[in-house]
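The paragraphs below walk through the model step by step, from contacts between chains to packing within a chain. Keep the sequence and the coordinates at hand while reading.

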Number of protein chains: 4
Amino acid sequence: MLTSCSDQPGIVAAVSAFLFENRGNIVDIDQHVDQDVGVFFMRVEWEIEGFALKRETLAASLEPLMERFSMKWSLHFSDIVPRAALFVTKENHCFYDLLSRHESGELAMDIPLIVSNREDLRAVADRFDIPFHYFPISPETKSSQEEAEIALLREHRVELLVLARYMQILSARMIAAFPHRIINIHHSFLPAFPGARPYHSAHRRGVKLVGATSHYVTEDLDEGPIIAQGVTAVSHRDAVPDFIRKGRALEQSVLSRAVWLHLNRRTLVHANRTIVFG
Amino acid sequence: MLTSCSDQPGIVAAVSAFLFENRGNIVDIDQHVDQDVGVFFMRVEWEIEGFALKRETLAASLEPLMERFSMKWSLHFSDIVPRAALFVTKENHCFYDLLSRHESGELAMDIPLIVSNREDLRAVADRFDIPFHYFPISPETKSSQEEAEIALLREHRVELLVLARYMQILSARMIAAFPHRIINIHHSFLPAFPGARPYHSAHRRGVKLVGATSHYVTEDLDEGPIIAQGVTAVSHRDAVPDFIRKGRALEQSVLSRAVWLHLNRRTLVHANRTIVFG
Amino acid sequence: MLTSCSDQPGIVAAVSAFLFENRGNIVDIDQHVDQDVGVFFMRVEWEIEGFALKRETLAASLEPLMERFSMKWSLHFSDIVPRAALFVTKENHCFYDLLSRHESGELAMDIPLIVSNREDLRAVADRFDIPFHYFPISPETKSSQEEAEIALLREHRVELLVLARYMQILSARMIAAFPHRIINIHHSFLPAFPGARPYHSAHRRGVKLVGATSHYVTEDLDEGPIIAQGVTAVSHRDAVPDFIRKGRALEQSVLSRAVWLHLNRRTLVHANRTIVFG
Amino acid sequence: MLTSCSDQPGIVAAVSAFLFENRGNIVDIDQHVDQDVGVFFMRVEWEIEGFALKRETLAASLEPLMERFSMKWSLHFSDIVPRAALFVTKENHCFYDLLSRHESGELAMDIPLIVSNREDLRAVADRFDIPFHYFPISPETKSSQEEAEIALLREHRVELLVLARYMQILSARMIAAFPHRIINIHHSFLPAFPGARPYHSAHRRGVKLVGATSHYVTEDLDEGPIIAQGVTAVSHRDAVPDFIRKGRALEQSVLSRAVWLHLNRRTLVHANRTIVFG
């Protein structure tokens, strides 16, 4: 369960008492108070086995407690695996990395489909027997293509979109259809070098570290809530292709960490920032 | 308050209810269950202002609750600043760093005295007007000198010993006098390169990263519970003096982080490992 | 060209004069003197286009110069791509990562075959249409199986062996057949935690960083010359499976960096240490 | 010797031949070609002992060679220690760190004076017996005060200015008086968060890493050539004061690394980027 509300006395006491009384064995509890804005956040994980309340009626049973504190909350069951669509273009490294971690069981999700604006990576999808949907996008077709994508994603009951170096800007409409459910990897240390060709900009600026940032997509390009970031050292000996090469491992690890955190319900968003219960 | 006990249902509920009923405004609560060994750990920080129980009787009031769960626990008040002694030898960088952070208020402690087995850094202590106690140590005098040190430390009601590149091995007796209250900085990524001259060993081994480790001192040399670690890159171009130079900034930052964590009561030790509520 | 010899005056002058006189346009030159042992190392990369000497006779032309300084040297042409065999067992992450970087052109090598002591990853090799050779190993069959492997590798003119989480210890004979041509990834920050199950040992020791080390395999297990290392942060909240998960991205990036360095002839070995002209 | 010129064949051959013929024992040579702009950079370090040319006439002897390649070049002798002025305001951590490294011999420089726009750190300067010059700055007095500073710095033959968290923007005139001789530490990962209060901005943006950047000061605020950068992890649990605390160790290490590189003549600037022969 993920919750947030205005900070007030007695929240932890009330929630933990509720679980204790219903014989909920707490596996993990983590909470945070943002003192600046007076907001309380909590993630509680408990075992369903031995729990006094039935899964079907749990939400209803929690309702009064949640209302008492005016909580925003969501319930997740670890045996119900989220359905995710991967969006790709040409670069294969994040794509393979996600597929490999999915195959090994690290990333607990179903991947009913791949979406791409190019054909380049169809062969990779084929290798993994995942349906590959090609949606070429031009300024004229963008709107209708995205509508088709949304329909397809809904049909497949997709909950999460992972942009694995997807080289297309999503429209506001598409983003609104999946609020805080689209994870992007940007190949810079945001807010440095937003937009196109960040490695080129980083090289021109002469930085000594290059970065990668995974974030939830919002309407403001590359300005959504950051989930994870990483950096790696570069020097004057590194030309742009070296930046790109060194950045690949970083992009992979930062994106897969962010996806893992989301899938394990360890992220909350407030005021364009994430609370990450790592 | 720092507590630990066997994991069992209802701990969080009971403690948070106790605080809620006594109008204790929780500022920060962090807990952890080590599933492997079935031990529960918790750190709770609440405001004394507005709290229904008096500081003097608080411990007695908590006693029944603590007994119910067979808790090990300790209470700390943030306005009572720990008293720490710095142990130094020749190297000045960690010494200056601790003094600078103490002066700026980052490290909330009193430093009633400096202890050294050499005279080299007396001038630095003098600059900061902190009494410098010189205890030369030879195999013959070690035992009596340490006894004198213990007496002096007790006289000054010292709670924490910080070995800021102190180049002497403490005896079991001395360590027993300050259990989990002696913090050392070792200039390697432990457990690699324990003992003397780790940078020389690291260079001989040809590592590509050098490390630093801050840990509580136990009888087993360089094997105590680790509080913080860091690394920095080296290359074949770096000779031993370069390892030493690059390691300095690391030693400073790792030691001061560990001391900060201890002073802010964010560390618990169990089975030779630390729980760090960072 | 990679060279090393006893340090002596005039080496750089002689080599650069040789290239200048033969109109060799130097693209990159990097050298290093290990002052401790008095050994000189150099890597020079120049363009073959416009160069006065023919590829076929170049070695013979260089011979007198190399003899004058008693140099050990090797010549490589960037358009002749090394042939590498990947050794795998069960873990797929390094395997996929190498295949992905190979596919994208980052790792310029041919992969004529995969070797494994288990069948688990045959399907992955199949997906990439690379022949998968299964060599089950028991104490009784080890010697004969390795002989068969060596024959197969020679038949395929394999120059480099990459152990991508290959869970078998190679015999001295096998190692001698490919001196400094077998790259392993060990999932710890060597020399900490050599041998089996390093994440378990790291967790037991309570470290705050876990590491990965890529090195050339020598007869001494996990003690060969280190090519690349990396670390990532862990905390008390991380159990062994979390160490394993967090270590994966590290292993991938450290191994692929090491393989890239080798393929681009940027490594030299001396006295069990590497010179890495990154 | 530090040199740079248009890339052209024969530079290394000519310089190394010159040194060899004059019995200059090369200790270290490092060179770099920026292929994008076609510029060659080199740093050569050789022993003056046994060298055939006298120190006094060396520059004249080098002149023809340098002219042949139209080189920009500078000669430095390691026994002539640069004179540096430290500029400080209120924060003491970088100040102490530089003083400590100076005292230990790591930073080979003379510090004839401290400059500050506030009185706060006079006591620290006094402790180290270094003259402290107080130059309060207001919009009205800025110009005249800077002129006085420049006069004072020239009088003391100061070559390098180190802004150790100096909270004043230097005028174009002051910067022009010390081109690429003023090193600043900015408490962010530039180009992210230039200008005032970067930790506040970083916190508001919700980054997961905070950084520090040391650079040469140019007229464009926080846009000068970067010498060194570093980052450290932060989380949602860290408020602005935690960012500041965690950033301190970073600022120290990044600034002292940059100063060390400059003092050891390991930096060259071209097109607003540095070549760092680390």
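Start where chain C meets chain D: twelve residues of chain C are in contact with twelve residues of chain D. The model is a predicted one. On the chain C side of this contact, H1 and E2 each supply at least two residues. H1(C) gives the largest share, with five residues. Sorted by class, the side of chain C that touches chain D holds eight nonpolar residues, four polar residues and no charged ones.

The two chains of this pair can be superposed. A turn of 180 degrees, with a shift of 0.0 Å along the axis, lays chain C on chain D with an RMSD of 0.0 Å. The two copies are thus related as by a two-fold rotation axis. Both copies use the same surface, since 100% of the contact residues of chain C recur in chain D. Which residue of chain C comes closest to the rotation axis? That residue is Ala13(C), whose C-alpha lies at 2.7 Å from the axis.

The sheet of chain C comes next. Its four strands form an open sheet in the order E2-E3-E1-E4, and the pairing is antiparallel. Strand E2 (26-34) and strand E4 (72-74) of chain C stand at the edges with a single partner strand each, so one side of each has no neighbour in the sheet. From one strand to the next, the twist averages 10 degrees.

Within this sheet, strand E1 (residues 2-6) of chain C and strand E3 (residues 39-46) of chain C run antiparallel and are joined by five bridges. Cys5(C) has Phe40(C) of E3(C) opposite it. Helix H1 of chain C, which spans residues 11-21, lies across E2 and E3 of chain C and runs at about 20 degrees to E3(C).

Chain B offers a view of a strand pair and its hairpin. Here strand E2 (residues 26-34) and strand E3 (residues 39-46) of chain B run antiparallel, with eight bridges between them. His32(B) has Phe41(B) in E3(B) as its bridge partner. Four residues lie between the strands of the hairpin of E2(B) and E3(B), where Gly38(B) takes a positive phi near 65 degrees.

Chain D also meets chain A. In this contact, 25 residues of chain A touch 25 residues of chain D. Strand E11 (226-233) and strand E13 (273-276) of chain A are the elements that give two or more residues to the side of chain A that touches chain D. That side of chain A divides into twelve nonpolar, eight polar and five charged residues.

The last stop is a pair of helices inside chain D. Two packed helices are described by the angle between their axes and the distance between the axes. For helix H7 (residues 198-205) and helix H8 (residues 240-263) of chain D, the angle is about 120 degrees and the axes are 9 Å apart. H7(D) and H8(D) are therefore oblique to each other. The crossing in which H7(D) passes H8(D) is right-handed. H7(D) makes the contact through Tyr199(D), His200(D), Ala202(D) and His203(D), and H8(D) through Val240(D), Phe243(D), Ile244(D) and Gly247(D). By class, the residues of this contact of H7(D) with H8(D) are five nonpolar, three polar and no charged.

Definitions and conventions:
Residues are numbered from 1 along each chain as its sequence is written. Chains are lettered from A and ligands numbered from 1 in the order in which they are written. This is a predicted model: local features need pLDDT of at least 70, side-chain atom pairs count only at pLDDT 80 or more; totals for chains, interfaces and linings use all residues. Axes are lines fitted to C-alpha atoms, for helices over the stretch in contact, and angles run from 0 to 180 degrees between N-to-C directions. Angles under 35 degrees count as roughly parallel, over 145 as roughly antiparallel, 65 to 115 as roughly perpendicular and the rest as oblique. A crossing is left-handed if the near helix is turned anticlockwise from the far one by less than a right angle, and right-handed if clockwise. Two residues are in contact if their C-beta atoms, placed from the backbone, lie within 7 Å. Ala, Val, Leu, Ile, Met, Phe, Trp, Tyr, Cys and Pro count as nonpolar, Asp, Glu, Lys and Arg as charged, and the others, Gly among them, as polar. Copies are superposed by least squares on the C-alpha atoms of residues with pLDDT of at least 70 in both. Two strands pair if DSSP finds at least two bridges between them.
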